[in-house]
Amino acid sequence: MTSSSQVLEKLRKLKMDTEFHWTPEGFSVGRGKTYQPSELAIVKTYRFEGISNPSDMEIIYIIKANDGLVGYSQNAYGAYTTHETEEGYDNFIRQIPETGHDEQILFEL
């Protein structure tokens, strides 16, 4: 079984561990750069469901920016979302196209 910590460790080893943080202006990576959905692509999604605790439901989106930066956005999902007070996150993530299916093999564990 793959855990979220294993996925994050794999990303760290591949130097693809930049976290995209939600802001009302878009996804920020803390370098003064903010990305809009049209500048991003979701290349892989990992979902984790808690076996004994429903609050353990989590999703990790592997995201590639049009400038080549690859990173991730992590969130609990369903009723346990960590972005519940951040209006717009769900709508923003839905606008990012899912592409790069040829790249998904890079993220197999």
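What pattern does the chain follow, read along the sequence?

1. Quick caveat before the answer: this is a predicted model. Going along the sequence, you get α-β-β-β-β-β-β-β-α. In other words, the tally for the chain is two helices and seven strands.

2. On to the sheet. Four of the strands make an open sheet, and the order across it is β1-β7-β6-β5, with mixed pairing. At the edges sit β1 (18-19) and β5 (40-48), each of which has a pairing partner on one side only. As a general reminder, strands in a sheet pair through backbone hydrogen bonds, and they can do that parallel or antiparallel.

3. If you want one strand pair to look at, try β5 and β6. β6 covers residues 58-65, runs antiparallel to β5, and is joined to β5 by eight bridges. For a handy spot to click on, take I42: its bridge partner in β6 is I63.

4. Now the helix packing. α1, residues 4-13, lies across β5, β6 and β7 (70-76). Its direction makes an angle of about 20 degrees with β6.

5. Some whole-chain numbers for your notes. The chain has 109 residues, and 39% of them are buried. Accessible surface comes to about 6600 Å², with carbon and sulfur atoms contributing 47% of that.

6. Last one, on contacts. Take the contacts in the chain with a separation of 6 or more: 54% of these are between residues 24 or more positions apart. The bridge between I42 and I63 is a good place to start browsing, and the helix α1 lying across β5, β6 and β7 is another.

Notes
Residues numbered from 1 in each chain as written. Predicted model: local features only at pLDDT ≥ 70, side-chain atom pairs only at ≥ 80, totals over all residues. Heavy atoms only, no water. Pairing = 2+ DSSP bridges. Contact = heavy atoms within 4.5 Å. Axes fitted to C-alpha atoms, helices over the stretch in contact; angles between N-to-C directions. Buried < 20%, exposed > 50% of the residue type's maximum accessible area, 1.4 Å probe, protein only. Areas by Shrake-Rupley, 256 points an atom, 1.4 Å probe, with all protein chains shown as cover.
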